[in-house]
Amino acid sequence: MRTSATPLSVVRTAIIGIFLLACSWPVHAEEVEGRTIAVGYKIGNGLGFAGGDVVVRAWPHVSFDLQTNYISASDTSYGNTLTLSGVGLAPALHVELKPVGHTPYVSVGALYLRFSVHDDINSGTGSATGFVANAGYEWRFASHVGVLVGAGISDLLTLHGDTSAASFTYRPDKVFFNIESGLRYFF
């Protein structure tokens, strides 16, 4: 019998690969030459634990970060089981204090979610938009490995959806505390 890879198994495999690659070089002091592109594992920004990101340093103190996550949640508080699954994106602009090496950063970005939702009776699709703002610290080592830790706020501004029963628009109007963390490899 043939099985296909789930998004979570792909993420786990990528994490193991990055970890093994990172462990193959000795850990040195911070980087001394700026690297342009990075890929890695990233969590947070309200998108969950199954995600990755691509980082492109456009200028010495500025980089673009595209985080992509598989999202999945369920709720049974209404008497039936409500299940949501889909993908979340968080493109962000990072401004870093130092152009090379370990550095504090601030970032501002957008949130976009596309999901399917179903319960015991209805099913449908939906999307959500919002923003994220963080401050944190990134350790970038000479071994090309980077570790990012930050915190800030996020807000889902509007949720839209269509189910077999009705269409909906929901505006939570609530700002949430947010964390982000990542492990990256710079090329």
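**A tour from Gly48 to strand β7**

Select Gly48 to begin: beyond its neighbours within four places in sequence, Gly48 is in contact (heavy atoms within 4.5 Å) with Ile43 and Asn69. The model is predicted, with local features needing pLDDT of at least 70 and side-chain atom pairs counting only at pLDDT 80 or more, while totals for chains, interfaces and linings use all residues. Numbering runs from 1 along each chain as its sequence is written, and side-chain values use heavy atoms, leaving out hydrogens and water.

Stay on Gly48 for a moment. Gly48 sits in the loop between β1 (37-44) and β2 (50-59). Helices (H or I, at least four residues) and strands (E, at least two) are DSSP runs, numbered from the N terminus. Gly48 counts as partly exposed because its relative accessibility is 29%; buried means under 20% relative accessible area, exposed over 50%, and partly exposed in between (1.4 Å probe, protein chains only). Add Asn69 to the selection: Asn69 is 21 residues from Gly48 along the chain, and their C-alpha atoms are separated by 6.9 Å.

Now show the whole protein chain. The secondary structure comes to one helix and nine strands, and the order from the N terminus is α-β-β-β-β-β-β-β-β-β. Of the 187 residues, 36% are buried. Among contacts in the chain with a separation of 6 or more, 58% are between residues 24 or more positions apart. The accessible surface (Shrake-Rupley method, 1.4 Å probe; for residues, only the protein chains shown count as cover) is about 10,400 Å², and carbon and sulfur atoms hold 67% of that area.

Next, select Ile37, Val39, Val54, Val56, Trp59, Phe64, Leu66, Leu93, Val95, Val106 and Phe187, which make a nonpolar surface patch of about 940 Å². Patches are made of residues with over 30% relative accessible area and no salt bridge, joining like charges within 9 Å and nonpolar side chains (Val, Leu, Ile, Met, Phe, Trp, Tyr) within 5 Å. A salt bridge is a side-chain nitrogen of Lys or Arg within 4 Å of a carboxyl oxygen of Asp or Glu. At least two patch residues come from each of β1, β2, β3 (62-75) and β4 (82-96); β2 gives the most, with three.

From the patch, go to Phe187, in the segment after β9 (176-186). Phe187 is exposed because its relative accessible area is 54%. Three aromatic pairs turn up in a search of the whole structure. One of them joins Tyr185 and Phe187: the ring centres are 5.0 Å apart and the planes stand at 75°, so this pair is edge-to-face. Rings of Phe, Tyr and Trp (its six-membered ring) pair if their centres lie within 6.5 Å; planes under 30 degrees apart count as stacked, over 60 as edge-to-face and the rest as tilted. Tyr185, at 7% relative accessible area, is buried.

The last stop is Ile153, in strand β7 (residues 145-163). Ile153 is partly exposed, with a relative accessible area of 38%. Outside its neighbours within four places in sequence, its contacts are Phe131, Val132, Ala133, Asn134, Val175, Phe176 and Asn178. Val132 is 21 residues from Ile153 in sequence, and the C-alpha to C-alpha distance is 5.8 Å.

Then follow β7 to its partner β8 (residues 167-170). The two strands pair in the antiparallel sense over four bridges; pairing requires that DSSP finds at least two bridges between them. A hairpin of three residues joins β7 to β8. Finish by selecting Leu159, which stands opposite Tyr170 in β8.
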